[in-house]
Protein chains: 4
Amino acid sequence: MFLFKISPVSTARRYTLSLSCPDRVGVVAAVSTFVASHQGWITEAQNHADQTAQRFFLRHEILADSLPFGIDEFRRQFAVIAQPFQMDWKITDSAQKKRVVILVSKLEHCLYDLLSRWQSQELDIEIPCVISNHEKFRKFVEWHDIPFYHVPVTPETKQTAYDKIQYLFTEAQGDVMVLARYMQILTPEMCDRYPGQIINIHHSFLPSFIGAKPYHQAYDRGVKLIGATCHYVTSELDAGPIIDQDVNRIDHTDSVEDLVRYGKDIEKTVLARGLRYHVEDRVLRHGNKTVVFR
Amino acid sequence: MFLFKISPVSTARRYTLSLSCPDRVGVVAAVSTFVASHQGWITEAQNHADQTAQRFFLRHEILADSLPFGIDEFRRQFAVIAQPFQMDWKITDSAQKKRVVILVSKLEHCLYDLLSRWQSQELDIEIPCVISNHEKFRKFVEWHDIPFYHVPVTPETKQTAYDKIQYLFTEAQGDVMVLARYMQILTPEMCDRYPGQIINIHHSFLPSFIGAKPYHQAYDRGVKLIGATCHYVTSELDAGPIIDQDVNRIDHTDSVEDLVRYGKDIEKTVLARGLRYHVEDRVLRHGNKTVVFR
Amino acid sequence: MFLFKISPVSTARRYTLSLSCPDRVGVVAAVSTFVASHQGWITEAQNHADQTAQRFFLRHEILADSLPFGIDEFRRQFAVIAQPFQMDWKITDSAQKKRVVILVSKLEHCLYDLLSRWQSQELDIEIPCVISNHEKFRKFVEWHDIPFYHVPVTPETKQTAYDKIQYLFTEAQGDVMVLARYMQILTPEMCDRYPGQIINIHHSFLPSFIGAKPYHQAYDRGVKLIGATCHYVTSELDAGPIIDQDVNRIDHTDSVEDLVRYGKDIEKTVLARGLRYHVEDRVLRHGNKTVVFR
Amino acid sequence: MFLFKISPVSTARRYTLSLSCPDRVGVVAAVSTFVASHQGWITEAQNHADQTAQRFFLRHEILADSLPFGIDEFRRQFAVIAQPFQMDWKITDSAQKKRVVILVSKLEHCLYDLLSRWQSQELDIEIPCVISNHEKFRKFVEWHDIPFYHVPVTPETKQTAYDKIQYLFTEAQGDVMVLARYMQILTPEMCDRYPGQIINIHHSFLPSFIGAKPYHQAYDRGVKLIGATCHYVTSELDAGPIIDQDVNRIDHTDSVEDLVRYGKDIEKTVLARGLRYHVEDRVLRHGNKTVVFR
C-alpha cells in the first residue's frame, strides 16, 4: 500500500532504497514486483531517466514493519535483483539517524538555524559535535549539550588542523560534514576523501561570483537578484554538484551590507533544504550533477 | 527503457496512461510489469498516494512505437489489469491533439499569449475556434486562420447565448473550453455538463478575493502580494479545483491600475501552464483538489 | 549631503523623521529646505502620496552629527514647519534602541530566529524580556541573559494573565510587542490599548484562511502556494494592517506536516522583515493599510 | 500637490525630470523649492545617493498642466538651478511617446508580447518599424500596420546590414532599439554609437552563462534556477548595465527544451519590464550600473 509522504518527525520506521543503473526496460517492474511480492508498503516512489547519461535513477521509501524480514535480509535478496541490471544501490534505515558534523566560523545564522531545526526534530539528525576555527560559539553549542571543538587554522597549521578535523569526524562516526559558512578552504585531499559527504553553502548564485566576497562582486556588477547555493564540496572550488539554490531581489538602494543581510536568510534556508534532502537520501549524484527526489 | 522527459514539440508519438484507484499493494508492480512485458518504453512515470482519500494516482508516458500493438489493443489488454484494482483509467494518444476552444471578452493579453504559444507549437494543441461576446478580436483571430464566433451575452439572451456556445463547442469537437478572461459567469447547468473540461483564469490568489474586481479588493485590503489562479470551473463561483497559482510582489506605490497590469503577466503565465498540464493529461482531479504530475 | 542607505549595525547616529499630512504643494520643499538650512545630512529620503486618502507620507533619515542642535531643539524648530501643513509627525533617535518584548508559546522557530538576529546585531534592538504561556523556553532565553516570564493562560485566568502581561510590558518600558507564534488571542481591550505596537505573524497568506489551523484549511482547499503575513494586531482577528507577506510553492505530494514545515521558514523570515521595518520607523499606518518605506 | 503614481495609459500629461549630480547638501531642497514655487504638482518623486560614486540621482514626475509655462521655459529656468550643482539633467514630455524600433529573428514570444502590450496601450510607445534578418514575421507585423524591414545578415554582408539598420533607425526617428531575441551580435561601433539606447534580453541570469546557448550551459552545470537579464548593450558582449532580471525554478526532470520553454516566459516578462522602465525615464545609468526608480 502507498502511504502519504511522511514528514521526518514521523515515528514510522522506513527503509530508503536508492539506486541508479544503465537505462533499460523493466527496472521499475523488477523493483516494484520484488517489493510487492513481500507485501512491502511503499510510502514514496520516484524515478528519473537521464537521457544524456542514459542512466536511470530510483528512490523508494518502504515501511519497515510491512516487510517480513529486516534490512540485512532485504540486502541479501535484493542483490539478486540488482546484479543483472548493474545497479549501483544502497538501502538505509530511518532508525539510524544521520550523524551531521557542523563546521562553523564566526557567522551565527546557519548555526542557530540548524540547531533550531535539530532541537525541534524538524531535522531528524544527530549532531555529534560542532567544530570551529574560533571559540565564539562554544557556550552556545555546549548549552545544547553538543560537544564543541576549537581547531584553529593558520597557513602554517592548515595540514595539522585538517588532520585533526578528519580525526574528529571519524571519532564522531560522522556521516556528513556541513560547512555552515565555514570560512576556510579545505585541501583537495580532504575533498577527495569524502565525495558527496561534505556539504557547503556558498553565498552566491553559482556559477556567478565564485570565490571570495561574492556579495561585493554582485554589488559591483549591479545584478538585480542575489542568491545562495548549497552544493557538495569537490577539490575544484565552488564547482561541485549543486543540491539547491535560491535568490532574493535587490535594487540600487541596497548596500553591500544589505546584500550580506538578505543573503543570510537565503543561505540558511537553502542549506537546511539541501541538508534535509541529503540526510533523507533524496540526492543522487551523477557526474557533476544531482537528481533531487523531493 | 526510460527516456528523458520530452517536450511536446517532440515528434515522438506517445501514449499517456493515467489512472487512480483505491490504495493497495502492487499497483505499480502490475502496471510496470504489463508495460515491460511488451517492451514498452516509458518516457515519464509518476505516481502519488493521497493519505486522506486513501487513493492512488499514476501517470505513464509510453513511446507508441515501442509497443507491439496499437492503442485499441492496449485498451483491451490493460482492462484485464485494471479491473481487479478497480482502476479509473484512460489512455490518450499524443498524435490526437487536444482541441481547445477559447472564450474571450475584451482583454487581449491571454489571447495573444495563447496564440503565440500555439503558433510556435510550444502548446501542441488545435484551436478549432475562438468565441467572444464582443467583435473586438475578430480580425486578429481570423488573421491566424482560426474561425471567430461573436456570441453576444445579455441578461435576456444569456440562455440562448450559452446554448449557442455549447453547440459551437460540440460542432468544433472541443476537448476543453478555456475562459481567457471571459467576463461572463456560466450557468450551473453548463458547468455541470463539462466537469474538468472548462478551465478559467481568476485574477486573484484564491480563495482570497472571490468574485468581481479582485484587484480592487486586494488594493483595499492592502495586501503585499497579488496573484492569479487557474482552476476548473464548477457551478460554485471560483471554488473549483485549483490547477496552478502564482503571485507578484506589490507595494504602497502601486495603484489599482498597476495591480491590473502586473496581474496580466501572472494571469497569462499561469493560464498557459495550467492549460499545458491539462492537455498533456498531467492533471488528475479527486474531489475538489488536483494531482498535477509536472 | 546624501549618504548611502546605512545598515542598522552602522554606528552612525541618525534621527528618523516620519510624517503624514494632507496632500498639497510644498511639503517636500518645506522639509528639505529646513533640513538643508541646518546643513543636515540626509541618508535616506522617501515619500508617497495616497490618491484615495489624499494624504502625503514622508520619511527622512538625518545624520545626527550633521545638525548644529540636538533632537529636542529639532522638535522645537520643526514644530513651526509642521503646524501649517497639519503634519502628524515624530522624530526618533537611533541611539535609543527600540525595546521589543517577545511573546511565545511552544514553537521555537521564530524565537531562535529573532534571538539570532538580535545577538548578531542584525536587528539593532533591545529585548527586555520574553513572555510565554509555557515554561519550555526559559533556559534557552535565560542563557541569552534575557529575563523570562511564565504567564499561564487559561479560559478562567485570561484577564489576569493579560493584565500581568501589560504590567510586564510597562515595567520593561516596551516599545513593541511581538507575537512570535503566540497561540493565544488577545482581548479587544488589549489590542485597542496598543495601536500599531503589537506585531503578529499569521501563518497564512491573509485574507485567506483567517483563524485557526490555516495550514489545514490550505491543504483542504488544495492551494498551490502557502504564505505567511506579518501584521499589526487590531481587535478584529487577523484583519489588522499588513506589513509584509510572502509565499512558498507546494504541490499534491505535501502533507499538512510539510506545509507546517515550509510555513515556518516563511513565518520567521516575514516576521523578521516586518519587525525590522517597524523598529526602523519605516512603517506608516493609515486606516487599515501601511506605507512601508523599505 | 502629490498625486498617486499614474499608470502610463493615463491621459494626464506629465513632464519627467531626471538628473544626477555630485552628492551634496541641498539638492532636493533646490529642486523641490523650484517646482513648488511654480505650483508644480509632483506625481512621483524618487531619489538615491550612491555612496561609492558619491553621486546623487533624482526623478520627478510633474503634471504639465500644473505649471504656468511649457517645457522650453522650464528648461530655461531650471538651467539656472542645475548649473551650480553641476547637474546632468533632462526633462521629457509624456505627450512625446518614445519611438521603439524592434529587432527580431525567428523566435516569436517577445515580439507577440511587445505588440500585445503596445496595442493595449499598456506600453505607451510608438513602434515605427520592426527589423528582422528573416521574413518570418512580415505578415504578422504588417497586419498590425507596422512597417517591416527584412535586413539579411551574413558574415560577408554584416557591415552593410548594420549600416542599413542604423539608416532605418535614423529614418524612423527611433529613440530606442530593442533586441527581442535578435540572434546577431552588433558591431562595437554600433554599440558605442547608441549608449543607453539599445536594450537586449539575454537568456541567462548574467553574469552566468555569457554568450551562446546559455540554456545548454545551465543544463550542463546542473543549476536549479534559470533566468533572463534585460540590459543595455555595450561593445563588451553581455556585460552592459543590467536593468532587470528574473529567474524560474527547474529540476533534474527538465530537458534543455524545457529550459528554453520556461526561459521564454521569463524573457518576455523581464524585457517588457525593462523597456517600460526605460521609456518612462526610470533608468539612470552610472558607470556599468543602473538606478531604476520603479
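**View 1. Chain D laid over chain A in the predicted model.** Turn chain D by 180°, with 0.0 Å of shift along the rotation axis, and chain D superposes on chain A with an RMSD of 0.0 Å. The two copies are thus related as by a two-fold rotation axis. To find that axis from the side of chain D, look for Ser208(D): its C-alpha is the one in chain D nearest the axis, at 2.6 Å. Both copies use the same surface, as 100% of the contact residues of chain D recur in chain A.

**View 2. The fold of chain A, with its helices and strands.** Here you can trace eight helices and 13 strands through chain A. The C-alpha trace spans about 60 × 40 × 35 Å along the principal axes of chain A. A compact globule of 294 residues would have a radius of gyration near 19 Å, so the 21 Å of chain A agrees with that expectation.

**View 3. Inside chain A: burial and contacts.** Of the 294 residues in chain A, 65% count as buried. Take the contacts with a separation of 6 or more: residues 24 or more positions apart account for 67% of them in chain A.

**View 4. The surface and charges of chain A.** About 10,800 Å² of chain A is exposed, and carbon and sulfur atoms supply 52% of that area. As for charge, chain A carries 34 positive and 36 negative side chains. The centres of these two sets lie 1 Å apart.

Terms used:
Residues numbered from 1 in each chain as written. Chains lettered and ligands numbered in written order. Predicted model: local features only at pLDDT ≥ 70, side-chain atom pairs only at ≥ 80, totals over all residues. Heavy atoms only, no water. Helix = DSSP H or I, 4+ residues; strand = E, 2+ residues; numbered from the N terminus. Rg over C-alpha atoms; globule rule 2.2 N^0.38 Å. Buried < 20%, exposed > 50% of the residue type's maximum accessible area, 1.4 Å probe, protein only. Contact = heavy atoms within 4.5 Å. Areas by Shrake-Rupley, 256 points an atom, 1.4 Å probe, with all protein chains shown as cover. Lys, Arg positive; Asp, Glu negative; His and termini not counted. Charge placed at Lys NZ, Arg CZ, Asp CG, Glu CD. Least-squares fit on C-alpha atoms with pLDDT ≥ 70 in both.
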